[in-house]
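This report goes through one model, from its overall make-up to its helices, its core and its aromatic pairs.

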Amino acid sequence: MSKALVYKYSIKEAFRRYKDDVLKRGLLTKYFLLWGPVQCLTFSIIPAQCRVTFIASVSFFWMTILSSIASKARNVESDNVH
């Protein structure tokens, strides 16, 4: 929803894009495959003083994954326009 506000999409368009990301690009599957094990590691193996750094490092890679999903979506949309 916040992306819709930034890029001035309608609410309907925001939900359509979210649905496409979830159903066609496997966004939630990737989310659970990454963050489920990360949280298990964080609270079972990672020492308390290292948890913030560990989560920040994993978050960096998660943002890279999200960026690649968004980039693929933009490329598909631009291919459909031409």
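The text below treats the chain as a whole, then helix 2 and helix 3, then the nonpolar core and the aromatic rings.

## Overall make-up

The model is predicted. The chain has four helices and zero strands, and along the sequence the pattern reads α-α-α-α. Of its 82 residues, 17% are buried. The exposed area of the chain is about 6,500 Å², and carbon and sulfur atoms supply 67% of that area. Among contacts with a separation of 6 or more, 44% join residues that are 24 or more positions apart.

## Helix 2 and helix 3

Two helices can be checked against the span expected at 1.5 Å a residue.

| Helix | Number of residues | Expected span | Distance between end C-alpha atoms |
|---|---|---|---|
| Helix 2 | 13 residues | 18 Å | 18 Å |
| Helix 3 | 18 residues | 26 Å | 26 Å |

For helix 2, residues 11–23, the expected span and the end-to-end distance agree. The buried residues of helix 2 are Ala14, Asp20 and Asp21. They cover an arc of only 125° around the axis, so they sit on the same side of helix 2. The face turned away from that buried side carries the exposed residues Lys12, Lys19 and Leu23.

For helix 3, the expected span and the distance between the end C-alpha atoms likewise agree. Leu27, Trp35, Val38 and Thr42 are the buried residues listed for helix 3. Seen down the axis, the buried residues of helix 3 fall within an arc of 65°, and therefore they line one face of the helix. On the face of helix 3 turned away from its buried side are the exposed residues Phe32, Leu33, Cys40 and Ser44.

## The nonpolar core

Which residues make up the largest nonpolar core? It consists of six residues: Leu27, Trp35, Val38, Val58, Trp62 and Ile69. Helix 3 and helix 4 each supply at least two residues of this core. In soluble globular proteins, nonpolar side chains tend to be buried together.

Leu27 belongs to this core and is one of the buried residues of helix 3. Leaving aside residues up to four places away in sequence, Leu27 touches Asp21, Val22, Trp62, Leu66 and Ile69. One of these, Asp21, is among the buried residues of helix 2, while Trp62 and Ile69 are members of the core.

## Aromatic pairs

How many aromatic pairs does a search of the whole structure find? The search finds three. In one of them, the ring centres of Tyr31 and Phe32 are 5.4 Å apart and the planes stand at 80°, so this pair is edge-to-face. Tyr31 and Trp62 form another edge-to-face pair, at 5.7 Å centre to centre with 70° between the planes. Because Tyr31 lies in helix 3 (residues 27–44) and Trp62 in helix 4 (residues 51–81), the pair ties together parts that are 31 residues apart in sequence.

Tyr31, Phe32 and Trp62 form one aromatic cluster. Is each ring-bearing residue of this cluster buried, partly exposed or exposed? Trp62 has a relative accessible area of 9%, so Trp62 is buried. Tyr31, at 36% relative accessibility, counts as partly exposed. Phe32 reaches 55% and counts as exposed. Trp62 thus belongs both to the aromatic cluster and to the largest nonpolar core.

Conventions. Residues numbered from 1 in each chain as written. Heavy atoms only, no water. Buried < 20%, exposed > 50% of the residue type's maximum accessible area, 1.4 Å probe, protein only. Contact = heavy atoms within 4.5 Å. Areas by Shrake-Rupley, 256 points an atom, 1.4 Å probe, with all protein chains shown as cover. Expected span 1.5 Å × (residues − 1). Arc of directions from axis to C-beta. Phe/Tyr/Trp six-rings, centres within 6.5 Å; stacked < 30°, edge-to-face > 60°. Core = buried A, V, L, I, M, F, W, Y, C linked by side-chain atoms within 4.5 Å.
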